[in-house]
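Student: I'd like to take a close look at a single part of this structure. Could we start with one helix and follow where it leads?

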Amino acid sequence: MKRRKAVHSFLFYFFLILIICVLDFPIYWMVKCSLTSVDKVMTRDVSLGISQFDFSAFKYVWNGTGYASQLHLKSYMLNSFIVVLVSSSISIVLATLAGYSLSRFRYKRKETIAQGILYVYMFPQMILTTPLLMLIIKLGLYNNLWSLIIVYCTFSLPYSIWMMRSYFSALPMELEEAAMIDGCNRVQSIWKIMLPIALPGVVATVTYTFILGWSNVIYPLSFITDESKKLVSIGFLSLISGDATPWNGVMSAATISALPVVLVFIFLQRYLVGGLSAGGVKS
């Protein structure tokens, strides 16, 4: 039994380490190429190690000098922060109100509405791009950051509503009833009682919408053409030019653009795990 248990443990950890290596290898290769000189990147050297660290690519893409003179990475990141933070704020406010309504109030077709919201989330973004583009053009918001803020809500809001609904449904109604007995109205009970308790779910939802919006490529590529309004997810595409592409610069820009997502996940991981596990329960 001990030998069998040891073999099972060995196989478990072996395959676990193998899966981690396979999943993390593209990230390692991105960082490795960003720290390699452009001459070595353009050769057929496929060694896994880094013989010499070269930070010149980070300097070029961050300052917009050298081969990255047409790259405005700081502007791209600022635009991404504006779009993602505003759209996430709008989504979490509406999702909190809608999720609370779907979990606490009784009215006709409530389950149909909840299921319809989830079905909307299941539509691929590629299918919605053309009708949303036509709508944005008619509204006069094409090539405007507000167009991205609006369309980002189309894919972040349905999932956020479903998560907040599931999270509120897991909280006991007795807390609200006790607050109302003490003199609080509905809004005060939500603000003072429910939201503090639902903080892990709120943070998990905001984190999810932030990551989803930051990494989106289809909508920024379709709705923005002005160089000064591009987002970081598509901004460094200007470095790609056939055989003359400085791939270490592209990898450096990709590494820098991934840092905000990594930092958000590291600092909010405690809330993210608890919020997703609670919000994933079907009510």
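At 1.5 Å a residue, what should the 16 residues of helix α10 (residues 199–214) span, and how far apart are its end C-alpha atoms?

Tutor: Sure, with a bit of housekeeping beforehand. This is a predicted model, so local features need pLDDT of at least 70 and side-chain atom pairs count only at pLDDT 80 or more, while totals for chains, interfaces and linings use all residues. Residues are numbered from 1 along each chain as its sequence is written, and side-chain values use heavy atoms, leaving out hydrogens and water.

Now your helix. Helix α10 should span 22 Å, and its end C-alpha atoms are 22 Å apart, which agrees. The expected span is 1.5 Å times one less than the number of residues. Helices here are DSSP runs (H or I, at least four residues), numbered from the N terminus.

Next, what is tucked away in it? The buried residues of α10 include Val 202, Val 203, Phe 210 and Trp 214. Buried means under 20% relative accessible area, exposed over 50%, and partly exposed in between, with a 1.4 Å probe and protein chains only. Tyr 208 is partly exposed, at a relative accessible area of 21%.

That tyrosine brings us to the rings. The structure holds 16 aromatic pairs. Rings of Phe, Tyr and Trp (its six-membered ring) pair if their centres lie within 6.5 Å; planes under 30 degrees apart are stacked, over 60 edge-to-face, and the rest tilted. A stacked example is Phe 10 with Phe 14, at 6.1 Å centre to centre and 20° between the planes. Both lie in helix α1 (residues 2–34), four residues apart, about one turn of the helix. Phe 10 is exposed, with a relative accessible area of 55%, whereas Phe 14 counts as partly exposed at 43%. Back at your helix, the rings of Tyr 159 and Tyr 208 have their centres 4.3 Å apart and their planes at 35°, so this pair is tilted. Tyr 159 lies in α7 and Tyr 208 in α10, so the pair ties together parts that are 49 residues apart in sequence.

Helix α10 also feeds into something bigger. In soluble globular proteins, nonpolar side chains tend to be buried together. A nonpolar core here is a set of buried Ala, Val, Leu, Ile, Met, Phe, Trp, Tyr and Cys residues joined through side-chain atoms within 4.5 Å. The largest one has 33 residues, of which Leu 148, Val 151, Tyr 152 and Tyr 219 touch the most other members. Helix α10 is one of the elements giving two or more residues to this core, and others include α6 (125–138), α7 (145–169) and α11 (218–223). The largest share, six residues, comes from α7.

Zoom in on Val 151: leaving aside neighbours within four places in sequence, Val 151 is in contact (heavy atoms within 4.5 Å) with Leu 132, Ile 136, Tyr 219 and Phe 223. Apart from this core lies another, of 17 residues, among them Ala 114 and Trp 162.

Leu 132 and Ile 136 are buried in α6, as is Thr 129. The buried residues of α6 pack against α7 and α11. As for rings, Tyr 152, Phe 155, Tyr 219 and Phe 223 form one aromatic cluster.
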